Amino acid sequence: MSRSETLFQQAQKSIPGGVNSPVRAFNGVGGSPVFIERAKGAYMWDADGQRYIDYVGSWGPMILGHNHPAVLQATLAAAERGLSFGTPTEVEITMAEKIKQIVPSIEKVRMVNSGTEATMTAIRLARGYTGRDKILKFEGNYHGHADSLLVKAGSGALTLGVPNSPGIPEDIAKHTLTVDYNDIDSVAKVFAEFGQDIACIIVEPVAGNMNCIPPQPGFLEGLRKICDDFGSVLIFDEVMSGFRAAPGGAQERYQVIPDLTTLGKVIGGGMPVGAFGGKQAIMDHIAPVGPVYQAGTLSGNPVAMAAGLATLNELAKPGLYEQLYARVEQLLSGMQQLADQAGIPFTTNRAGSMFGFFFTREKHVTSYQQATQCNMEHFKRFYHEMLKQGVYLAPSAYEGGFMSAAHSEADIEQTLAAAKIAFVALAA
Ligand code: PLP
């Protein structure tokens, strides 16, 4: 038995399912998860000493690769000055100004500790601001695990087949309306009936929790117009797409401006961080300026701010995004070619440094329904072939992949060599 398998058995005795977040348990692919001991650049090493080229990047944050020297140094220096003060600090101003500069639709921003906190508070703010209770979300979009948002959600919830979790009162879930992603007609129909009661639309402007599905032309523009027509708040959940779809997120890539934006992952550089921000007129409804309450013992934590700021500073270096996009292109065009050669039905999606691949005969995957109808057996077998060869992909067909600046051309070539063997094995 491998050391990872031994650890997994031990973990299950003290931790529910052996993991502190469900998708890590490998339920989506079967088998036993690998326990990671350390990581550097594009690589992680497991408890048995095997090295993996990592395309998960801690589910998005590690856009510079693991333990980037500048991030590590800034984090250690901040830790030496003190782990937490619970007071205002100058670094929080620097962080807020930096976010405003990179994401110009954000006029004011509040730091929190996770993406879940960011989206939970953003919808509370939208409700407080509009005085309306209903919210609209999209089937297969995941916004964290707050009660109102864990309705027809993606990610681990989708993998486990429990889109509506027990423990969420009907009285809360009934205020969450769900419609189809990339289907503006379904949004218009719901607004025609409930528009005056809808506080906000919350959307992943690039869906990354039902695999990677970018918005179809006109979809985000349509959401913007409907929100304007009905006085509802448009929230872009850029916890995943922020700093990834483009430096300024999906709103920069697709040139559609939301009222509120939620952020996470990359802005923490690997530390627990989230944020929500947007128009001053809305943000000024948050306490202590306004009546909508939100708080946090560790919010704006100085060590987390240092890690996040160092990450954002590195991302500003010329050529970094071009390199990320070029690596994604190298990987996806190579995989497509290999799948075609092996006769395996396959297609890919991408948005900046986020990507997804699908085992399907469809040429383009644009909907949740298409994503869920892919060949799961192919995915699972491909997954384990790649893992065996030292390539760590997200252990679920409903998660996207993440490229980092540490991935070299040689890493991609090595990944493609592994993929060639995996596709041929599938075809056999
Ligand atoms: N929103 C999106 C789009 C996400 O992808 C996630 C997590 O994957 C969240 C919100 C929740 O963030 P966290 O896991 O930090 O609570």
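**Close-up views of a predicted model**

**View 1. The shell around the ligand is sorted here by residue class.** By class, this shell holds 4 nonpolar, 11 polar and 2 charged residues. The model is predicted. In total, 17 residues surround the ligand. Those that come nearest are S114, G115, T116, G144 and V239. Which helix gives the largest share of the shell? Helix α4, residues 115-130, does so with 3 residues.

**View 2. Two domains make up the assignment of the chain.** Domain 1 is built from two segments, 3-67 and 318-427. Domain 2 covers 69-315. Their C-alpha centres are 25 Å apart. Contact between the domains involves 34 residues of domain 1 and 38 residues of domain 2.

**View 3. The side of domain 1 that touches domain 2 draws on helices and strands.** Four elements each give two or more residues to this side. They are α12 (320-342), β11 (347-351), β12 (354-358) and α13 (368-372). The largest share, 4 residues, comes from β12. Sorted by class, this side of domain 1 has 18 nonpolar, 14 polar and 2 charged residues.

**View 4. Helix α3 packs against helix α11.** Two packed helices are described by the angle between their axes and the distance between the axes. Here α3 spans residues 90-102 and α11 spans residues 302-315. The angle is about 35°, and the axes lie 10 Å apart. Is the crossing left-handed or right-handed? The crossing of α3 and α11 is left-handed. On the α3 side, V91, E92, T94, M95, K98 and I102 make the contact. On the α11 side, P302, M305, A306, G308, L309 and L312 do so. The residues of this contact divide into 8 nonpolar, 2 polar and 2 charged.

**View 5. G248 sits in a loop and touches I102 and V103.** The loop runs between β8 (233-237) and α9 (250-254). G248 counts as partly exposed because 18 C-beta neighbours lie inside 10 Å. Its contacts with I102 and V103 leave out residues up to four places away in sequence. I102 also belongs to the α3 side of the contact with α11. How far apart are G248 and P104 in sequence and in space? They are 144 residues apart in sequence and 7.9 Å apart in space, C-alpha to C-alpha.

**View 6. T360 lies in the loop between β12 and α13.** T360 has 18 C-beta neighbours inside 10 Å, so this residue counts as partly exposed. Leaving out residues up to four places away in sequence, T360 touches P345, T347, V365, Q370, C374 and N375. One of these, Q370, falls within α13 (368-372). T347 falls within β11 (347-351). S2 is 358 residues from T360 in sequence. In space, the C-alpha atoms of S2 and T360 are 33 Å apart.

**View 7. Q341 is a residue of helix α12.** Is Q341 buried or exposed? Q341 is exposed, because 12 other C-beta atoms lie within 10 Å. F423 is 82 residues from Q341 along the chain. The C-alpha atoms of Q341 and F423 are separated by 8.8 Å. Helix α12 is also among the elements that give two or more residues to the side of domain 1 that touches domain 2.

**View 8. Backbone details are shown at N182, at Q255 and at the bond from A287 to P288.** Most residues other than glycine have a negative phi, and most peptide bonds are trans. N182 is not a glycine, yet its phi is positive, about 65°. N182 is in the loop between β6 (176-179) and α7 (184-194). With 20 C-beta neighbours inside 10 Å, N182 counts as buried. Q255 also has a positive phi, about 55°, although it is not a glycine. Its place is in the loop between α9 and β9 (260-263). Q255 counts as exposed, because 10 C-beta neighbours lie inside 10 Å. The peptide bond from A287 to P288 is cis, with omega near 10°. P288 is found in the loop between α10 (280-283) and α11.

Terms used
Residues are numbered from 1 along each chain as its sequence is written. This is a predicted model: local features need pLDDT of at least 70, side-chain atom pairs count only at pLDDT 80 or more; totals for chains, interfaces and linings use all residues. Domain bounds come from an automatic or database domain assignment. Two residues are in contact if their C-beta atoms, placed from the backbone, lie within 7 Å. Ala, Val, Leu, Ile, Met, Phe, Trp, Tyr, Cys and Pro count as nonpolar, Asp, Glu, Lys and Arg as charged, and the others, Gly among them, as polar. Axes are lines fitted to C-alpha atoms, for helices over the stretch in contact, and angles run from 0 to 180 degrees between N-to-C directions. A crossing is left-handed if the near helix is turned anticlockwise from the far one by less than a right angle, and right-handed if clockwise. A residue is near a molecule or strand if its C-beta atom, placed from the backbone, lies within 6 Å of it.
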